[in-house]
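Me: Please go through this structure with me, one question at a time. Keep the answers short and show the reasoning.

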Amino acid sequence: MKNKLNSNALLSLTAMMVSVLTLVIFIYQTSLMRKQNYLSILPYVQFAERNHPNSKIYELSLKNHGVGPAILESVQMIYHGNVENLTSYNNELLSYLKQKRPALDSLANYTYATLDPGIALPANEVYTFLKVEGSEKDCKLIAKTIESLLQDGLEYKLIYKSIQDERWQIRSNSATNSPEKLH
């Protein structure tokens, strides 16, 4: 009877050890899956300018070359040391540019979109937020005006995040012209 009790106890102890080992393996596997998911979501946003005066198109866009959506947090414009959030201009770049260079009020052939916080830019997608089209005069005006402002010290800073709340910024005065991770 004593041997039977010991074999039952041994069998129970073995079953408990297998259960604990299974739990440890499950936790480790879940941790690996979480890390893999975390590393597989990496939005990579860049500004894009398309200027084709002969075809009468000037376009400013954001492109997400990464994996996973990029969620826009804020856009700041820095000019002569003054930092302004684009929210002060209804998140419209053209409104900001017109305030700095009133000659842009003469633009007639344009479309625009806002750069509202919360906009999600899917992977491998383009979000055009300013497009001048159909008029060579208007295309040259916007291109020359933006070039003039940039030469005069205009800078921008755009902050975006992933769905896992990792944050990055892109800036016009960045040496690498690629996103910088924020902590």
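**Helix packing and the sheet**

Me: In this predicted model, at what angle do the axes of α2 and α3 cross?

Reply: The axes of α2 and α3 come within 11 Å of each other. Two packed helices are described by the angle between their axes and the distance between the axes. For α2 and α3, the crossing angle is roughly 70°.

Me: Are α2 and α3 roughly parallel or roughly perpendicular to each other?

Reply: Angles of 65 to 115 degrees count as roughly perpendicular. The axes of α2 and α3 cross at roughly 70°. The two helices are therefore roughly perpendicular.

Me: Which residues of α3 make the contact with α2?

Reply: On the α2 side, the contact is made by Leu 94, Leu 97 and Lys 100. Taken over both helices, the contact residues divide into five nonpolar, no polar and one charged. The α3 side consists of Ile 142, Ile 146 and Leu 149.

Me: Within what arc do the buried residues of α2 fall?

Reply: The buried residues in α2 are Leu 93, Leu 94, Tyr 96 and Leu 97. Seen down the axis of α2, they line one face of the helix, because they fall within an arc of 160°.

Me: What covers the buried residues of α2?

Reply: Helix α2 (residues 93-100) lies across β2, β5 and β7, at about 45° to β7. The cover over its buried residues includes these three strands. It also includes β3, β4 and α3.

Me: In what order do the four strands of the open sheet lie?

Reply: The pairing in this sheet is antiparallel. The edge strands, each pairing on one side only, are β1 (45-52) and β5 (110-112). From one strand to the next, the twist averages 15°. The order is β1-β2-β7-β5.

Me: How many bridges join β2 to β7?

Reply: Strand β2 (residues 57-64) is joined to β1 by eight bridges, and these two strands run antiparallel. β2 and β7 also run antiparallel. The number of bridges joining β2 to β7 is seven.

Me: Which residue of β7 stands opposite Tyr 58?

Reply: Towards β1, Tyr 58 of β2 is the bridge partner of Asn 51. Another bridge pair of these strands is Ala 48 with Ser 61. In β7, the residue opposite Tyr 58 is Val 132.

Me: How many of the eight residues of β2 are buried?

Reply: Helix α3 (residues 136-151) packs on the sheet and touches β1, β2 and β7, its direction making about 55° with that of β2. Helix α2 lies across β2 as well. β2 is mostly covered, and the count of buried residues is seven.

Me: Which residue in the turn of the β3 and β4 hairpin has a positive phi?

Reply: β3 and β4 pair in the antiparallel sense over four bridges, and Tyr 79 stands opposite Asn 82 in β4. Two residues lie between the strands of this hairpin. The one with a positive phi, about 55°, is His 80.

Me: Is Thr 145 buried or exposed?

Reply: Thr 145 is found in helix α3. Leaving aside its neighbours within four places in sequence, Thr 145 is in contact with Arg 101 and Leu 104. Buried means under 20% relative accessible area. Thr 145 has a relative accessible area of 9%, so this residue is buried.

Definitions and conventions: Residues are numbered from 1 along each chain as its sequence is written. This is a predicted model: local features need pLDDT of at least 70, side-chain atom pairs count only at pLDDT 80 or more; totals for chains, interfaces and linings use all residues. Side-chain values use heavy atoms; hydrogens and water are left out. Two strands pair if DSSP finds at least two bridges between them. Axes are lines fitted to C-alpha atoms, for helices over the stretch in contact, and angles run from 0 to 180 degrees between N-to-C directions. Contact means heavy atoms within 4.5 Å. Buried means under 20% relative accessible area, exposed over 50%, partly exposed in between (1.4 Å probe, protein chains only). Angles under 35 degrees count as roughly parallel, over 145 as roughly antiparallel, 65 to 115 as roughly perpendicular and the rest as oblique. Ala, Val, Leu, Ile, Met, Phe, Trp, Tyr, Cys and Pro count as nonpolar, Asp, Glu, Lys and Arg as charged, and the others, Gly among them, as polar. The arc is that of the directions from the helix axis to the C-beta atoms.
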